[in-house]
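Me: Please take me through this model and its ligand, and for each term tell me what makes it apply.

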Amino acid sequence: MGQDRYDAIVVGARCAGSPTAMLLARKGYRVLVVDRAKFPSDTTSTHLVHPPGVSALNRWGLLDRLTATGCPPIDTYSFDFGPFTLAGAPGTDDSPVAYCPRRTVLDKLLVDAASEAGAEVREEFTVTEIVIEDGRVAGIRGHDKGGEIVTELADVVVGADGRYSRVAKAVGPEQYNERPQILCGYYTYWSDLPNAGTFEVYTRTRRGWAAAPTHDGLTLVVVGWPFDEFDANKDDVEGNYMKMFEDAPEFADRIRGAKREARFAGTAVENFFRKPYGPGWALVGDAGYNKDFVTAMGITDAFRDAELCATALDHSFSDPRSFETAMEEYQATRDEHVLPMYEFTCEVATLEPPPPEMQQLFGAIHGNQDAMDGFARVNAGVTSPAEFFSDQNIGRIFAAAT
Ligand SMILES: Cc1cc2nc3c(=O)[nH]c(=O)nc-3n(C[C@H](O)[C@H](O)[C@H](O)COP(=O)(O)OP(=O)(O)OC[C@H]3O[C@@H](n4cnc5c(N)ncnc54)[C@H](O)[C@@H]3O)c2cc1C
């Protein structure tokens, strides 16, 4: 057994775990954060961070560190539907741009920030068991690389261990709003693929792709096709990846002149919400809420969870009777905030052509810069789809178009 009892042990040290550990440590709590990875470490994920996520980095005093890595800012989101393109600004005056930082850079920066805040970080530490005593989570068991099994105890164990969360498996939380895989996505990196500060999205029937500038002059290009084509296409990812660009000749020309600098990576994910708390445990990030990556919301959502959960835990540490109320509020705030985006994401992930009334709306948005900015902000998680697609706002857009 280790010597210390912690206030919190966080399992997983990426976008959800390190910020949770950092925020708790900054409040003076004794925190242990463990991850089986050694950082810098890559993971199967593209990495667009929308302006609300950038805003969180700024609040935490970490944005300057990110910009110092030379990651190019993205000030425009463009959506090419074939006949027309909607292009707008995704951010707000306070947080005007997005970034697409490599996870090797972003996650390392977050781990370091947790450590600087005073959290004890153990890399290459694998959790093999969640300790449960009298129906309450009391700690973890696990080991360093090749090391002995140790037990560490804490008032609360936070599962920031991704969508296959071991913490969630151990506590079996209620799972709701479940949907199976909808889309599969594959990505790689290109040099000499000019992209001027834009997150470019192309939507075609049963096909979609996106490009964004990242570190080292590279451009990330991610494509998607419906999950029902997974088996048919999995043996020729490159052929299917390249073929879809024929539907956008200008982009096809551009990528023909570019050089692929990495192997293809890809996957498909299930969609679900989990109740994110119970006696002695909490869940943040993908462990508690997972959705298709087509709208690139995961990192931004993980940052929001970290803040909400750390605030709730802070309340309950000072008054243990308030755990249930504080965590219930965390869950309610999360669910209320993400539900419209979850529905939007699941719909976009089908890669079905927009229904006729949506196509009419897109026609009315086209050329109206305010409305195009509004559409970009929906896709950036700044404005709720419920608000943008409200009767009142749609009425305004159609009125401006006549
Ligand atoms: C193909 C793809 C593309 C994506 N594109 C984007 C995008 O462009 N923008 C965006 O915002 N989001 C994107 N996402 C989603 C994003 O990757 C996740 O939402 C985000 O990584 C969630 O962070 P997390 O910290 O919750 O979990 P994770 O990033 O999954 O981190 C979990 C960590 O827990 C550790 N861990 C797990 N189990 C154990 C254990 N037993 N012991 C020790 N450590 C453990 C793992 O090693 C890992 O480091 C994408 C996802 C996929 C799959």
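Reply: A polar contact is a pair of N or O atoms within 3.5 Å (within protein, one must be able to donate a hydrogen and the other to accept it, and residues adjacent in sequence count only if both atoms are side-chain atoms). An oxygen atom of the ligand is 3.2 Å from a polar backbone atom of glycine 298, so this pair meets the limit. The model is predicted, so local features need pLDDT of at least 70 and side-chain atom pairs 80 or more, whereas totals for chains, interfaces and linings use all residues. Residues are numbered from 1 along each chain as its sequence is written, and side-chain values use heavy atoms, with hydrogens and water left out.

Me: What makes the approach of arginine 103 to the ligand a polar contact?

Reply: An N or O atom in the side chain of arginine 103 lies 3.0 Å from a ligand oxygen atom, which is within the cut-off, and the pair therefore counts. Leucine 48 qualifies through its backbone, where an N or O atom is 2.9 Å from a nitrogen atom of the ligand. The protein covers 93% of the 1,000 Å² of accessible area that the ligand has on its own (by the Shrake-Rupley method with a 1.4 Å probe).

Me: How do you know which residues surround the ligand?

Reply: A residue is near the ligand if one of its heavy atoms lies within 4 Å of it, and 27 residues surround the ligand, with Asp35, Ser45, Thr46, Asp286 and Ile299 the closest. Strand E6 (125–133) and helix H9 (298–318) each supply at least two residues of this shell, and E6 gives the largest share, three residues. Helices (at least four residues) and strands (at least two) are DSSP runs, numbered from the N terminus. The shell divides into 10 nonpolar, 10 polar and seven charged residues, where Asp, Glu, Lys and Arg count as charged and Gly is among the polar ones.

Me: What makes the place where the ligand sits a pocket?

Reply: On a 1 Å grid over the protein atoms alone, a pocket is an open set of points where a 1.4 Å probe fits, with protein on both sides within 12 Å along at least five of seven lines, and its lining residues have an atom within 4 Å of a point. The ligand sits in the largest pocket, which means that more than half of its atoms lie within 2 Å of the grid points. That pocket holds about 1,200 Å³ of space and is lined by 48 residues, of which Arg14, Thr43, Gly162, Arg163 and Asp286 lie nearest its centre. Its lining has 21 nonpolar, 16 polar and 11 charged residues.

Me: What makes up the lining of the second largest pocket, by class?

Reply: Its lining has 27 nonpolar, nine polar and three charged residues, and E12 gives the most, with six residues. The space in this second pocket is about 730 Å³.

Me: Why is the peptide bond from phenylalanine 39 to proline 40 worth a remark?

Reply: Most peptide bonds are trans. This bond is cis, with omega near 5°, and proline 40 is in the loop between strand E2 (31–34) and helix H2 (51–59).

Definitions and conventions. Grid points are joined across faces, edges and corners, and a volume is the space filled by probe spheres set on the points.
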